[in-house]
Amino acid sequence: MRVTILQRDIEWCATEKNLQRASEAIDRTPGSDLYVLPEMFSTGFCTEPRGVAEEENGETLQWMKRKAKEIGAAIAGSVAVEAKGRFYNRFYFVKPDGEVASYDKKHLFTYGGEHLRFTAGDVRRVVEWRGVRILLEVCYDLRFPVWARNRGDYDMILYVASWPTPRIAAWSALLVARAIENQCYVAGVNRVGKDPTCEYNGASVVIDPYGRAITECASGEECEATAKIDMEALEAFREKFPVLKDADI
């Protein structure tokens, strides 16, 4: 499976413009099976979602469905969503046939006040796509390894993020750790640019089960980068060096 990570500069609360520019980035990199966008890629990371959050079947999800069908590939990324009077940081994984899987961010970023407006999810989500089982995670989830622990049920983790520049060393180190300890591929997709409170420099990357970067984006720039997920190599590594069988419960 081919996965393309899309490191974007997101214009604050400009949904239509952000979706158009995301579409152009996808069109520049044809031929992948999966395209991954950052956290809240259509608006920027908003901790005050009133007036910004979309309905469950809102504009961004409709765009993801149309684009996925158009290109014959899956599209993934998170959106601020309002459902039944509550707000969620919802990670959508949209397949070209219109099937939608979603994951509501479990670990809300209390340091930034996300927990004051959003409701935490409590359901772990694994999606199967073209022979790869994929765990969906959002930004701050990266700091909590128990939630991401491989139970033998996935082959790759997607982390979509708005991870600020001052803490970028933690982002890079923890992505490598999650890949090694869970013996899986990891794709971390972070934004670049600025919003009203933070600056971001990206450091988006795809990491193999050995902890090695197999593709990455330049710091501080918009970028599209593609990597191959080699399931035969992953399965051979797991059989030869069966770390997961020795894992703690």
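Reader: How many residues line the largest pocket, and which of them lie nearest its centre?

Author: The lining of the largest pocket consists of 21 residues, and F45, F109, G112, T197 and C198 are the ones nearest the centre. A residue counts as lining if it has an atom within 4 Å of a point of the pocket, on a 1 Å grid over the protein atoms alone. The model is predicted, and local features need pLDDT of at least 70 and side-chain atom pairs 80 or more, while totals for chains, interfaces and linings use all residues. Residues are numbered from 1 along each chain as its sequence is written, and side-chain values use heavy atoms, with hydrogens and water left out.

Reader: What makes this space a pocket, and what is the volume of the largest pocket?

Author: A pocket is an open set of grid points with protein on both sides within 12 Å along at least five of seven lines. Its volume is the space filled by probe spheres set on the points, which are joined across faces, edges and corners; for the largest pocket this comes to about 330 Å³. The lining divides into 12 nonpolar, 4 polar and 5 charged residues, where Ala, Val, Leu, Ile, Met, Phe, Trp, Tyr, Cys and Pro count as nonpolar, Asp, Glu, Lys and Arg as charged, and the others, Gly among them, as polar.

Reader: Why is another space called a cavity, and how many cavities of 30 Å³ or more are there?

Author: A cavity is a set of points where a 1.4 Å probe fits but cannot get out. The count is 1 cavity of 30 Å³ or more, and the largest cavity holds about 50 Å³. R8, D9, I10, N18, R21, A22, L37 and F41 line this cavity. By class, the cavity lining has 4 nonpolar, 1 polar and 3 charged residues.

Reader: Why are strand 8 and strand 9 said to pair, and in which sense?

Author: Two strands pair if DSSP finds at least two bridges between them. Strand 8 (residues 156-161) and strand 9 (residues 185-190) share 6 bridges in the parallel sense, so the criterion of at least two is met. Among the partners in strand 9, V189 bridges to V160 and G188 bridges to Y159. Strands (E, at least two residues) and helices (H or I, at least four) are DSSP runs, numbered from the N terminus.

Reader: What makes strand 6 and strand 13 edge strands?

Author: The open sheet has 6 strands in the order 6-7-8-9-12-13, with mixed pairing. Strand 6 (126-129) and strand 13 (213-216) each have a single partner strand, so one side of each lacks a neighbour in the sheet. The twist from one strand to the next averages 20°. Helix 3 (residues 168-182) lies across strand 8, strand 9 and strand 12 (205-207), at about 160° to strand 9. That angle, on a scale from 0 to 180 degrees, is taken between N-to-C directions of lines fitted to C-alpha atoms, for helices over the stretch in contact.

Reader: Which strands stand at the edges of the sheet with the order 5-4-3-2-1-14?

Author: This open sheet also has 6 strands and mixed pairing. Its edge strands are strand 5 (100-104) and strand 14, each pairing on one side only, and the twist averages 30° from one strand to the next. Strand 14 pairs with strand 1 (residues 2-7) in the antiparallel sense over 6 bridges, with K228 as the bridge partner of R2. Strand 3 (residues 74-83) and strand 4 (residues 86-94) are antiparallel over 9 bridges. Helix 2 (residues 59-71) lies across strand 2 (34-36), strand 3, strand 4 and strand 5, running at about 165° to strand 3.

Reader: Why is P164 called buried or exposed, and which is K69?

Author: Buried means under 20% relative accessible area, exposed over 50%, and partly exposed in between, for a 1.4 Å probe and protein chains only. P164 has 9%, so P164 is buried; K69 has 66%, so K69 is exposed. P164 lies in the loop between strand 8 and helix 3, whereas K69 is found in helix 2. Leaving aside neighbours within four places in sequence, P164 is in contact (heavy atoms within 4.5 Å) with C198, E199 and Y200.

Reader: Which side chains of strand 14 are buried, and how many residues of strand 9 are?

Author: In strand 14 (residues 223-228), C223, A225 and A227 point to one face and are buried, while E224, T226 and K228 point to the other and are not. In strand 9, 6 of 6 residues are buried: Y185, A187 and V189 point one way, and V186, G188 and N190 the other way.
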